[in-house]
Amino acid sequence: MFADILSTLNDLLWGYVLIAVLIGLGLFFTIRTKFVQFTLLKEMFRVLFDKRTINAKGKKGTSAFQAFTISTASRVGTGNLAGVASAIAAGGPGAVFWMWIIALLGGATSFVESTLAQVYKVPDKNQYRGGPAYYMEKGLNKRWLGIIFAIIITFTYGLVFNSVQSNTIRLAFEESFGISPVLMAVILVAMTAAVIFGGLKSIARVTQFIIPIMAILYVILALYVLAANYTAIPEMFELIFLNAFGIREIAGGGFGAAIMMGIKRGLFSNEAGMGSAPNAAATAEVSHPVKQGLIQTLGVFLDTLVICSATALIILTTEGYAGSTLQGIQITQSAFEAQLGPWAAVFIAVAIFLFAYSSILGNYYYGETNIEFIKNSKPALTIYRLAVLLMVTFGALQEFDLVWNMADLSMAIMALINLYAITMLFKVAYRALKDYVDQKRQGKDPVFYRENLKGFTGMEYWGKDQTSEKEES
């Protein structure tokens with residue numbers, strides 16, 4: 001009964017509401033920002049690898065690079081390996097095209113929400129906190145809405161999404177090593193507890209090393225497989241486009257499934273507009289909010305256009321997705337095994353373990369910062385941490401469809417609330433972007449003050465008293 005209710009609600013929200021809202025607002029933000037996700041692509045790399053963004057030692061908060069890895073820790077995980085596989089299995093090859101579309105348009109959406117997170121961030125001892133709950137309170141003057149969002153994102157990321165991560169790890173290790181779900185749950189709980197009780201700095205240190213290494217290794221392996229099958233690549237792209245717009249898909253109802261699954265799994269993977277990445281973006285020490293907006297946009301592209309695409313093309317080369325009894329990550333493992341042998345399935349199991357484990361850590365932080373928004377309470381934080389461990393256990397022991405349906409529903413609700421807020425506050429992000437571009441044209445390294453955005457309030461951190469600190473960063 002519960003599973004049926006979840007399925008019905010998901011069909012309603014994703015079939016009629018989220019698709020129109022995500023694409024419509026993505027187009028609106030893209031056009032109004034003059035295609036910021038494309039025109040400032042070079043600037044994104046410059047800001048990311050600027051030495052002042054890599055090392056924040058002696059400053060508050062994390063470096064811009066660490067904030068990037070925290071958000072990427074949540075993005076790069078089950079969505080890239082298991083989510084892509086389930087999208088293709090349920091929506092056909094055409095779902096990949098719609099994953100690309102939601103990433104390309106979502107780049108502008110991600111820019112807006114992450115820039116707003118920086119504009120409205122607040123100092124908290126030796127770090128910063130921010131995100132949708134904060135800009136709802138300070139930008140919209142609606143603390144009640146911020147509290148609702150804080151509760152939903154804590155439930156979605158800290159609890160439901162972490163059950164998805166542990167479920168994916170369990171399936172992968174069950175397929176490759178025959179490890180029982182109970183043993184896998186015990187291992188994950190022990191490893192998660194060791195880090196989340198260490199705080200944000202501990203999370204930043206772990207993810208800063210895990211994500212770049214594993215992402216590079218995975219992409220190298222994927223590129224090797226694609227190079228070995230280079231003659232089939234044009235055919236795979238043709239298959240994706242034909243299934244995205246083909247007449248037979250429209251006639252057979254597969255067209256709608258391709259769009260729904262592509263956008264649903266694309267959003268789960270790159271999180272553009274969901275309101276999650278802004279929580280990490282707000283922690284960064286930068287001289288101008290737009291810098292972190294650009295970096296988070298780059299994260300969307302890395303996630304979907306590079307990693308998700310590599311996974312999709314490899315799955316399509318094997319054609320094992322059609323009618324498969326395997327689920328999620330097991331389809332990806334099977335595809336790599338068919339191309340490289342049994343050892344490749346083992347590598348994917350290890351990779352998804354590290355990806356998903358780092359996602360658990362990133363997801364946990366999103367809940368922590370939103371609990372702090374509601375009330376700074378150590379008992380509440382302890383209860384939340386214990387609940388995270390409980391849901392990690394739950395996910396490792398439950399069925400694939402149940403945890404993903406729970407994730408889809410909570411993700412949809414969270415995204416709709418955040419998209420409303422960033423639409424209402426778009427003028428702030430637009431003015432911040434204009435200020436940044438104007439300073440760049442003058443040959444400056446942009447520095448932001450709240451006086452730059454006359455007529456807007458709530459930007460507590462960005463006063464003139466922060467001048468020396470921001471100019472150094």
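Okay, let's start on the surface: Leu-27, Ile-31, Phe-35 and Phe-38 make a nonpolar patch of about 380 Å². One of those residues, Leu-27, is found in helix H1, residues 2-32. Leu-27 has a relative accessible area of 40%, so we call it partly exposed. Before I go on, keep in mind that this is a predicted model.

Let me zoom out for a moment. The protein has 22 helices and two strands. There are 473 residues in the protein, and buried ones make up 61% of them. As for the surface, about 17,500 Å² is exposed, with carbon and sulfur atoms supplying 65% of that. And if you take the contacts with a separation of 6 or more, 82% of them come from residues 24 or more positions apart.

Now a helix to look at in detail: H10, residues 181-196. At 1.5 Å a residue, its 16 residues should span 22 Å, and the end C-alpha atoms are 22 Å apart, so that agrees. Which residues of H10 are buried? They are Met-184, Ala-185, Leu-188, Thr-192, Val-195 and Ile-196. Looking down the axis of H10, you find those buried residues within an arc of 105°, so they line one face of the helix. Turn to the face pointing away from that buried side and you get the exposed residues Val-182, Val-186 and Ala-194.

On to the charges. How many salt bridges does the structure hold? The count is 10, and I'll walk through some of them.

Here's a local one. Glu-43 and Arg-46 meet through their side chains in a salt bridge, at 2.9 Å from N to O. These two are three residues apart in helix H3, residues 41-48, so about one helical turn separates them. Are they buried or exposed? Glu-43 counts as buried because its relative accessibility is 10%, while Arg-46, at 31%, counts as partly exposed. There's also a third partner around here: Lys-440 is linked with Glu-43 and Arg-46 in a network of salt bridges.

Next, a pair that reaches across the sequence. Lys-138 forms a salt bridge with Glu-460, and the closest N and O atoms are 2.7 Å apart. This pair links distant parts of the chain, 322 residues apart. Lys-138 sits in helix H8, residues 132-138, and Glu-460 is in the loop between helix H21 (426-441) and helix H22 (467-472). On the burial side, Lys-138 has a relative accessible area of 15%, so Lys-138 is buried. Glu-460 comes out at 49% relative accessibility, so Glu-460 counts as partly exposed.

Last pair for today. Glu-368 forms a salt bridge with Arg-385, and here the closest N and O atoms are 3.8 Å apart. Glu-368 lies in helix H18, residues 342-374, and Arg-385 lies in helix H19, residues 378-397, so the bridge ties together parts that are 17 residues apart in sequence. Both Glu-368 and Arg-385 are buried.

So, to recap what to click on: the nonpolar patch of Leu-27, Ile-31, Phe-35 and Phe-38, the exposed Val-182, Val-186 and Ala-194 on H10, and the network with Glu-43, Arg-46 and Lys-440. That's what I have, thanks.

Definitions and conventions. Residues numbered from 1 in each chain as written. Predicted model: local features only at pLDDT ≥ 70, side-chain atom pairs only at ≥ 80, totals over all residues. Heavy atoms only, no water. Patch = residues over 30% accessible without salt bridge, like charges linked within 9 Å, V, L, I, M, F, W, Y side chains within 5 Å. Areas by Shrake-Rupley, 256 points an atom, 1.4 Å probe, with all protein chains shown as cover. Salt bridge = Lys/Arg side-chain N within 4 Å of Asp/Glu carboxyl O. Helix = DSSP H or I, 4+ residues; strand = E, 2+ residues; numbered from the N terminus. Buried < 20%, exposed > 50% of the residue type's maximum accessible area, 1.4 Å probe, protein only. Contact = heavy atoms within 4.5 Å. Expected span 1.5 Å × (residues − 1). Arc of directions from axis to C-beta.
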